[in-house]
Amino acid sequence: MPASIDDLVVRVADICEYKWDMVRNRPLAYLLTGFAGGAMVVFGATLALSVSAGVGDIAPGLSNLLMGLVFMFSLVIIMVSGMTLVTADMYIGIVGIFHRRIGWGWFLWGVVLGYIGNFLGSMFFMWLISLSGPYNLAPWLLKSHAIGVAKLGQTATQTFVMGIVCTWMLQTAAILYVKANEDISKIAMAAYGPMAFVAGMTEHCIANIGFLALPLFQQDTWLALATQTGIDAPILLHWGFGQYGWAHNQLYTVLGNLVGGILFVGLVFQLVSNPKRVAEIYKSKTNFMLKI
């Protein structure tokens, strides 16, 4: 039987204890788990780009579905391997705060450290992909740039809202992964989250690091192709703030992801749990550290 909500929030608090013990005592190891987690996220982004090139011109919805189906196992390998994804740590940490496992200062430091690790892993992997042959060929080069234009062309409000929706979907699946007891159930929950947020065209800060860095790394090659094919008024992307800026998207995606993961997942499950039953569970506990 799956765990009750009361058991669930205690399990999440135990995971928080385990993860933040690493943050406190082995920060470089935690940074490395973030590096690996960031790379694993953009494993999925790379596959999503690979299968969707050219499909969107014929059937946009089918393109989104294909991207989600190949992206979905990115969270599975992160969760099963125990690597770090900062958006998951957002809901884990907020539950840990309620259970007095960590304070706000440690929560913020863990989120910052996780983001740095994810950023480095995602950016490094996509830099490698930008050096490859296949992804610099026309169908994939054009698709990569089109994804960049679509995401970076949004307003701050549009990006923020879809950031909320993303982690509401993703972290609901992630917390239900913890709730499930059987391997198949856990894999199904972990797979559903990224499939939903990618197919749903939402904004995830770590996935976007890779999705948006690749067309920026490739922009000179894309511009040469655009000139050859006669594309009128090509849209150029940049790393800064403002429309079509990488930093602009990251800022509002991170803020949206924080709201979605903390308010609509971690806080909801914590407030729904029964404090008396949670107290009873703690009375019989001997182990307060649990890996995902």
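1. I'd start with a small contact in this predicted model: a polar atom of the Ser74 side chain sits 2.8 Å from the backbone oxygen of Phe71. Ser74 belongs to helix H4, which covers residues 73-81. The serine is buried, as its relative accessible area is 6%, and the cut-off for that label is under 20%. Leaving aside residues up to four places away in sequence, Ser74 touches Met40, Val41, Gly44 and Pro194.

2. Phe71, the other half of that contact, deserves a look in its own right. With residues up to four places away in sequence left out, Phe71 touches Val41, Gly44, Ala45, Ala48, Pro194, Phe197, Val198, Ala207 and Phe211. Val41, Gly44 and Pro194 turn up in the contact lists of both Ser74 and Phe71, so if you have the structure open, you can check the two residues in one view.

3. Which residues touch the most other members of the largest nonpolar core? They are Val12, Phe71, Leu85, Tyr91 and Phe211, in a core of 72 residues. Helix H1 (residues 5-25) supplies the largest share of this core, ten residues. Phe71 and Phe211, both on that list, also touch each other. As background, nonpolar side chains tend to be buried together in soluble globular proteins.

4. Now the charges. The count of salt bridges comes to seven. One of them pairs Arg101 with Asp14, with an N to O distance of 2.7 Å. This pair links distant parts of the chain: Arg101 is in the loop between H5 and H6, Asp14 is in helix H1, and their positions lie 87 residues apart in the numbering. Are the two partners buried or exposed? Arg101 counts as buried at 10% relative accessibility, and Asp14 counts as buried at 4%.

5. Helix H1 takes part in another long-range pair. Lys19 and Asp89 meet through their side chains in a salt bridge, 3.5 Å from N to O. Lys19 is in helix H1 and Asp89 in helix H5, 70 residues apart, so this pair too is described as linking distant parts of the chain. Both Lys19 and Asp89 are buried.

6. A further salt bridge joins Lys151 and Glu203, whose closest N and O atoms are 3.3 Å apart. Lys151 comes from helix H7 (residues 138-152), while Glu203 is in the loop between helix H9 (183-199) and helix H10 (205-217); the two are 52 residues apart and the pair links distant parts of the chain. Lys151 is buried, with a relative accessible area of 13%, and Glu203 counts as buried at 2%. Elsewhere, Asp14, Glu17, Arg101 and Lys285 are joined into one network by salt bridges that share partners.

7. Two backbone angles to check by eye. Most residues other than glycine have a negative phi. Arg100 has a positive phi, near 60 degrees. Arg100 is in the loop between helix H5 (86-98) and helix H6 (104-130), and it counts as exposed at 78% relative accessibility, given that exposed means over 50%. Tyr244 is the other case I'd flag: its phi is positive at about 65 degrees, although Tyr244 is not a glycine. Tyr244 lies in the loop between helix H11 (219-229) and H12.

8. How far apart are the end C-alpha atoms of helix H12? They are 37 Å apart. H12 runs over residues 246-272, and at 1.5 Å a residue its 27 residues should span 39 Å, so the two values agree. H12 also has a kink of about 25 degrees, centred on Ile262.

9. Last, a second serine. Ser122 is found in helix H6 and is buried, with a relative accessible area of 0%. A polar atom of the Ser122 side chain lies 3.4 Å from the backbone oxygen of Ile206. Not counting residues up to four places away in sequence, Ser122 touches Gly38, Ala39, Val42, Ile206, Ile209 and Gly210. For a sense of scale, the C-alpha atoms of Ser122 and Thr221 are separated by 21 Å, with the two residues 99 apart along the chain.

How values were computed
Residues numbered from 1 in each chain as written. Predicted model: local features only at pLDDT ≥ 70, side-chain atom pairs only at ≥ 80, totals over all residues. Heavy atoms only, no water. Helix = DSSP H or I, 4+ residues; strand = E, 2+ residues; numbered from the N terminus. Expected span 1.5 Å × (residues − 1). Bend = angle between axes of the 7 residues up to and from the residue. Buried < 20%, exposed > 50% of the residue type's maximum accessible area, 1.4 Å probe, protein only. Polar contact = N/O pair within 3.5 Å; in protein donor to acceptor, adjacent residues only side chain to side chain. Contact = heavy atoms within 4.5 Å. Core = buried A, V, L, I, M, F, W, Y, C linked by side-chain atoms within 4.5 Å. Salt bridge = Lys/Arg side-chain N within 4 Å of Asp/Glu carboxyl O.
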